[in-house]
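Here's a structure to get to know by asking it a few questions. Have a look first, then we'll go through it together.

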Amino acid sequence: MLPFLLSAVLLPGPAPAQDRHRHRHLDHDSARAAVMEGRVLPLAEILAMVQPRLEARIIEVELEEHDGVLIYELRAVTPQGRLLELEVDAATGRILKGGG
């Protein structure tokens, strides 16, 4: 009985919900390679598309891979101090989530 109890305690249980979806932050070299390979638009193009649609100043950008899709995650601050978080398809510039 003891070996069974030990195996039940030591074996991993079901993955938490956030672990079921793969999110990976791309470092500078990986991001540059993705742009050079044409898999993502350069950040300057993304900002030129997104910035006019926001009444906010972009303060942080990260390039991440979400379940195989490259996403620019943007944080912006409105003149009133409100924090906005956006997810933008890195290949098309389409806003997927957030922005207001």
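Before we start, one cut-off: a residue counts as buried under 20% relative accessible area, exposed over 50%, and partly exposed in between. Also keep in mind that this is a predicted model.

Q: What pattern does the chain follow along the sequence?
A: The chain has four helices and five strands. Read from start to end, they follow the pattern α-α-β-α-α-β-β-β-β.

Q: Which element has the lowest mean pLDDT?
A: Over the chain the pLDDT averages 81, and 76% of the residues score at least 70. Strand E4, residues 83-89, has the highest mean among the elements, at 95. At the other end of the scale, with a mean of 38, sits helix H1, residues 2-10.

Q: How many contacts does the stretch of residues 1-15 have beyond near neighbours in sequence?
A: The pLDDT is below 50 over residues 1-15. Where pLDDT is low, the predicted coordinates should not be read in detail. Beyond near neighbours in sequence, the model gives this stretch one contact.

Q: How many bridges join E2 to E3?
A: These two strands run antiparallel. Their hairpin has two residues between the strands, and Asp 67 there takes a positive phi near 50°. One pair of bridge partners is Glu 65 and, in E3, Leu 70. The count of bridges joining E2 to E3 is nine.

Q: In the hairpin of E3 and E4, which residue takes a positive phi?
A: E3 and E4 run antiparallel too, joined by seven bridges. Ala 76 has Leu 84 in E4 as its bridge partner. The hairpin has five residues between the strands, and the residue with a positive phi, near 90°, is Gly 81.

Q: Which residue in E5 is the bridge partner of Glu 87?
A: E4 and E5 pair in the antiparallel sense over three bridges. Their hairpin has five residues between the strands, with Gly 93 at a positive phi near 85°. The partner of Glu 87 in E5 is Lys 97.

Q: Is Lys 97 buried or exposed?
A: Lys 97 also forms a salt bridge with Glu 87, with the closest N and O atoms 4.0 Å apart. Lys 97 lies in strand E5 (residues 95-98) and Glu 87 in strand E4, so the pair ties together parts 10 residues apart in sequence. The cut-off for exposed is over 50%. With a relative accessible area of 52%, Lys 97 is exposed.

Q: How far apart are the closest N and O atoms of Arg 75 and Glu 60?
A: Side chains of opposite charge can pair when their charged atoms come close. Arg 75 sits in strand E3 (residues 69-77) and Glu 60 in strand E2 (residues 57-66), so their salt bridge ties together parts 15 residues apart in sequence. Arg 75 is partly exposed at 26% relative accessible area, and Glu 60 is partly exposed at 32%. The closest N and O atoms of this pair are 3.3 Å apart.

Q: Which residues are linked with Arg 75 in a network of salt bridges?
A: Arg 75 forms a salt bridge with Glu 85 as well, the closest N and O atoms being 3.4 Å apart. That pair links strand E3 to strand E4, with their positions 10 residues apart in the count along the chain. Glu 85 is partly exposed, at 47% relative accessible area. The residues in the network with Arg 75 are Glu 60 and Glu 85.

Q: Which element gives the largest share of the largest nonpolar core?
A: In soluble globular proteins, nonpolar side chains tend to be buried together. Here the largest nonpolar core has 19 residues, and those touching the most other members include Val 50, Leu 63 and Tyr 72. Helix H3 (28-36), helix H4 (43-50), E2, E3 and E4 each give two or more residues to this core. The largest share, four residues, comes from E3.

Q: How much of the chain's exposed area do carbon and sulfur atoms supply?
A: Buried residues make up 27% of the 100 residues in the chain. The chain exposes about 7100 Å², and the share from carbon and sulfur atoms is 57%.

Notes. Residues are numbered from 1 along each chain as its sequence is written. This is a predicted model: local features need pLDDT of at least 70, side-chain atom pairs count only at pLDDT 80 or more; totals for chains, interfaces and linings use all residues. Side-chain values use heavy atoms; hydrogens and water are left out. pLDDT is the predictor's confidence in each residue, from 0 to 100. Contact means heavy atoms within 4.5 Å. A salt bridge is a side-chain nitrogen of Lys or Arg within 4 Å of a carboxyl oxygen of Asp or Glu. Buried means under 20% relative accessible area, exposed over 50%, partly exposed in between (1.4 Å probe, protein chains only). Two strands pair if DSSP finds at least two bridges between them. Accessible areas come from the Shrake-Rupley method with a 1.4 Å probe; for residues, only the protein chains shown count as cover. A nonpolar core is a set of buried Ala, Val, Leu, Ile, Met, Phe, Trp, Tyr and Cys residues joined through side-chain atoms within 4.5 Å.
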